[in-house]
Amino acid sequence: MPSVLDGIKILDLSQGIAGPMASMVLSDNGADVIKIEPPEGDPHSGQLGYRAWQRGKRNAVFDLKNNKDRETFLNLVKTADVLLESYVPGETTGLGIDFSTLHDINPGLIYCSITGYGRDNPLSDRPACDGLVAARTGLHYEQRGRVGSQYYPTGGKIPFEDYAFNLDAVVGPRSEDRDGPLFNGLNWPSVGAAYTALTAISAALLVKEKCGCGQWVETSLLQGALTSGILAFSYGEKPDAPHFATWINDSRSPKGNFECKDGRWVVNWVPSPSFVLGASEGDSLNASPDSSARDDPDRIMPAMDDMLVLDHYYPMLAAAFKRFDADEWVDAGAVAGQCIQKVSSPEEALNDERFLADGCVSAVTDPQYGDTRQVGILYNLEKNPSAIKQGIASHGENSEEVKAEAAAAAAVTINKSVEEVPKQPLTGVTVIDLGLAIAGPYCAQVLSDLGADVIKVNATYDWYWHSNAIAMSANRGKRSIAVNMRDPDGIEVIQKLVADADVVVHNMRYKAVEKKGLDYETLKKINPRLIYCHTRGFEKGPRESLPGNDQTGSALTGVQWEDGACHNGGRPYWSLTTVGDTGNGYLAAIGILQALMAREKTGEGQFVDTSIVNAHFFNCSHIIAKSNGSGFDRSHLSKDALGYTAGYRLYKTSDGYLCVALSRESHWAALYAVMGLSTLMQDKRFNASEARLSNDEELTHTLVQTFSRRSASDWFALLDKAGVPCEIADSGFSKKMWQPGSELLEREWLVSRPHPVVGTVGHVGLPYEFSKTPARVQSGPLIVGRETHEILDNLGYSEADKARLFDSKAVADESCYMYPLNITKSKKEYA
């Protein structure tokens with residue numbers, strides 16, 4: 001069976017991280033990707049991640065400043081479906097390869113731009129790499145959350161401000177600056193941009209399949225940073241609204257990491273005092289303790305008040321975990337159905353045989369490094385299997401054949417006629433969202449923004465969860481029907497919805513949906529054209545049926561190891577800027593979009609699947625490992641979690657932090673000159689790249705002392721004027737972003753909508769732009785069951801049938817719980 005992108009040709013002119021990550025996935029799914037390099041080569045080719053990201057691509061050299069080569073390239077454009085580029089805005093115009101020029105040559109071309117900060121704004125020309133974008137957007141401060149959680153951006157009174165929380169539980173290094181920034185262990189802005197570029201390209205390919213038109217799609221590292229901060233960058237006008245605020249975003253609360261007897265760390269999320277304390281009472285772990293014998297909670301609930309409960313139990317939980325080895329806790333958790341997993345290094349994860357058997361990790365023979373372990377297939381389409389093409393091409397290896405293809409296209413005339421273009425990529429597509437928590441619902445939200453009519457099937461008791469800020473971040477733009485899935489009449493309602501739907505997406509455990517008659521085998525008999533997407537916590541195999549979440553997935557795959565600087569003795573932690581649940585949502589959306597494109601050709605539906613661990617392997621795909629479990633030489637985050645090297649880190653100034661990102665000798669010369677350290681350019685320890693790396697600790701110490709003598713704004717003014725790439729780490733960005741007149745709001749990169757209880761709610765908005773089929777936020781967060789009557793009417797239920805369903809509690813309308821006049825009433829009163 002063909003891969004879903006067989007026959008698609010992609011010209012990849014991108015460099016760095018986001019573009020190469022995206023085009024790797026397109027290649028793995030069948031696209032013919034040609035990496036276009038300048039004569040001098042790609043300056044980023046030395047990074048380890050390129051050994052994964054450039055696999056399976058052809059490589060051709062074009063000098064686009066040379067008229068002959070440019071003409072040849074323009075002929076090659078006639079044969080392409082997608083062009084991917086990461087030039088600074090305006091640079092493609094100078095080269096004669098801008099969207100307008102190429103669109104005239106090939107109107108069916110999808111032209112994808114990944115910039116630092118987007119076009120036509122004051123930041124468009126700023127130097128942009130992950131560290132600098134993270135600094136400017138305050139992402140470094142959002143790593144561990146904010147004191148006060150949802151109260152922080154409003155400037156309101158912080159709950160429990162005077163309470164002395166257990167500082168040993170705080171995320172990150174045990175430093176004196178508990179509220180200071182933490183450098184990202186992973187390249188979160190680029191990772192976010194890779195997801196959004198893949199989604200936009202897949203949506204544009206679907207549009208092209210329908211009507212033949214190409215278009216310009218754009219994203220940026222700034223939008224990638226916002227995407228990675230979905231949980232951090234939110235706003236509620238009235239954070240004290242019932243159940244809205246949660247301790248999960250609060251930096252004073254631990255995030256489920258515990259050190260065990262053997263020195264290894266585990267994640268228990270959400271912590272279960274009843275299980276942990278009961279299981280550890282004896283000399284050996286008891287996976288089935290009698291919870292009735294203890295008066296401890298089964299789990300810590302998300303409400304702000306429960307942060308005090310967690311703080312109370314943390315010392316007891318930490319002591320309990322210390323009594324047994326990590327593997328013992330993992331085994332006990334598996335028996336008890338508790339979310340407990342061990343924190344692994346990326347190299348350890350890449351050599352886990354269970355991941356290899358699933359295919360989310362692959363054995364790849366590299367022409368330079370030999371047998372390696374790399375990120376594998378990220379999502380599966382039942383009828384369009386993916387396959388990794390082994391190895392990477394050398395510089396210009398395929399130039400001759402690619403230029404011959406271009407020459408053959410010289411006389412080709414492109415048909416410029418197109419059929420009617422839809423308003424949005426998914427106009428006319430109906431999605432049934434059966435998802436829980438974040439991963440499944442976030443996928444459906446992505447599809448809603450692309451124009452789908454999303455019907456969220458809520459449980460008849462979901463009002464509490466959907467009052468929460470986290471739930472609201474994944475459930476905008478949907479209509480809601482509240483259904484009791486334990487009632488046969490409720491299942492019948494869902495099956496009727498499926499009969500006329502295009503897509504079903506959920507992240508429930510599959511055995512549960514089989515029992516309910518909501519599995520793919522049952523539903524495809526009702527609707528053979530159905531695209532059915534199931535997302536999991538883990539890979540297929542022994543862990544498949546275990547409860548999983550973002551936290552356990554990031555622990556198993558090495559993400560927490562990297563963010564926590566564990567290689568250098570740091571502590572693992574789950575970051576508020578991680579892209580696990582939401583990354584899983586994006587992968588599901590990408591798979592669905594590509595399955596819909598395949599359906600345009602075949603008329604057939606199919607099964608699509610992915611998982612949270614797949615997303616996290618993509619997140620740390622810049623790391624590959626040897627087949628013996630060891631790693632290759634690579635940089636590691638410093639123990640203080642402030643950076644990687646003296647030239648790429650955060651420095652504390654007299655009043656804040658400044659981030660620098662030095663990649664050229666000219667940057668170093670300018671830095672030394674501005675800081676009064678010009679003699680270092682004559683010092684053999686510090687005047688060349690290899691020498692600086694060998695003496696990094698000493699150089700860092702010198703710069704730390706020097707930076708501390710002036711303010712961040714003073715250093716920024718001096719260094720920026722001298723051409724040194726730097727940004728102030730903006731501690732107030734997540735407040736300023738919501739102020740009236742914010743450009744992010746005007747561009748809808750952030751969106752705010754009215755809410756009946758919270759007043760105004762704000763979330764990360766649109767992460768991409770389409771020139772012909774724009775994305776759009778359809779509405780604010782759903783209200784549980786508000787459209788139940790309307791949806792039942794659409795299904796043809798009579799008034800008598802509706803009354804029967806409501807009376808039997810097979811369906812419900814819980815919107816009454818969400819309105820100010822009624823919010824103080826209890827659920828019992830409503831029932």
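Which residues is F716 in contact with, leaving aside its neighbours within four places in sequence? They are R126, R136, L658, K721, C726, E727 and I728, where contact means heavy atoms within 4.5 Å.

Before going further, a word on the ground rules. This is a predicted model, in which local features need pLDDT of at least 70 and side-chain atom pairs count only at pLDDT 80 or more, while totals for chains, interfaces and linings use all residues. Residues are numbered from 1 along each chain as its sequence is written, and side-chain values use heavy atoms, with hydrogens and water left out.

**Two helix residues**

Back to F716, which sits in helix 28 (residues 712–721). Helices are DSSP runs of H or I with at least four residues, strands are runs of E with at least two, and both are numbered from the N terminus. F716 has a relative accessible area of 18%, so this residue is buried; the cut-offs are under 20% for buried, over 50% for exposed and partly exposed in between, with a 1.4 Å probe and protein chains only. As for D311, its C-alpha is 39 Å from that of F716 in space, and the two residues are 405 apart in sequence.

Now have a look at Q594, in helix 23 (residues 581–602). Q594 counts as buried because its relative accessibility is 1%. Setting aside residues up to four places away in sequence, Q594 touches V4, L5, L26, N29, S202, Y379 and L381. With S202 there is also a polar contact of 3.1 Å between the side chains. That term covers a pair of N or O atoms within 3.5 Å; within protein, one must be able to donate a hydrogen and the other to accept it, and residues adjacent in sequence count only if both atoms are side-chain atoms.

**Strands and their partners**

Strands 7, 26 and 25 form an open sheet in the order 7-26-25, with antiparallel pairing. Its edge strands are strand 7 (235–236) and strand 25 (750–755), each pairing on one side only. Two strands count as paired if DSSP finds at least two bridges between them. Between strand 25 and strand 26 (residues 759–764) there are 6 bridges, and L750 has V764 as its bridge partner in strand 26.

G759 belongs to strand 26 and is buried, because its relative accessible area is 16%. Beyond its neighbours within four places in sequence, G759 is in contact with E237, K238, R753 and P754. Its C-alpha is also 9.3 Å from that of P239, although the two are 520 residues apart along the chain.

Elsewhere, strand 11 (residues 361–366) and strand 12 (residues 370–375) make a hairpin with 3 residues between them. They pair in the antiparallel sense over 6 bridges, and S362 stands opposite Q374 in strand 12. Strand 12 is also joined to strand 20 (residues 625–626) by 2 bridges, again antiparallel; here R373 has A625 as its bridge partner.

**Cavities**

How many cavities of 30 Å³ or more are there? The count is 10. A cavity is a set of points on a 1 Å grid over the protein atoms alone where a 1.4 Å probe fits but cannot get out, and lining residues have an atom within 4 Å of a point. Grid points are joined across faces, edges and corners, and the volume is the space filled by probe spheres set on the points. Here are the two largest:

| Cavity | Volume | Lining | Nearest its centre |
|---|---|---|---|
| Largest cavity | About 120 Å³ | 15 residues | E142, R146, S149, A232 and N249 |
| Second largest cavity | About 100 Å³ | 13 residues | A169, V170, N257, R571 and P572 |

The lining of the largest cavity divides into 7 nonpolar, 6 polar and 2 charged residues. For the second largest cavity the split is 8 nonpolar, 2 polar and 3 charged. Ala, Val, Leu, Ile, Met, Phe, Trp, Tyr, Cys and Pro count as nonpolar, Asp, Glu, Lys and Arg as charged, and the others, Gly among them, as polar.

**Backbone oddities**

Most residues other than glycine have a negative phi, and most peptide bonds are trans. W269 and V270, however, are joined by a cis peptide bond, with omega about -5°. V270 lies in the loop between strand 9 (265–268) and helix 10 (273–279).

F160 has a positive phi, near 55°, and lies in the loop between helix 7 (139–142) and helix 8 (188–211). Its relative accessible area is 23%, so F160 is partly exposed. A437 has a phi near 55° as well, in the loop between strand 14 (430–433) and helix 16 (439–449). With a relative accessible area of 43%, A437 is partly exposed.

Notes
1 Å grid on protein atoms, 1.4 Å probe; cavity = no way out; pocket = protein on both sides within 12 Å on 5 of 7 lines; lining within 4 Å.
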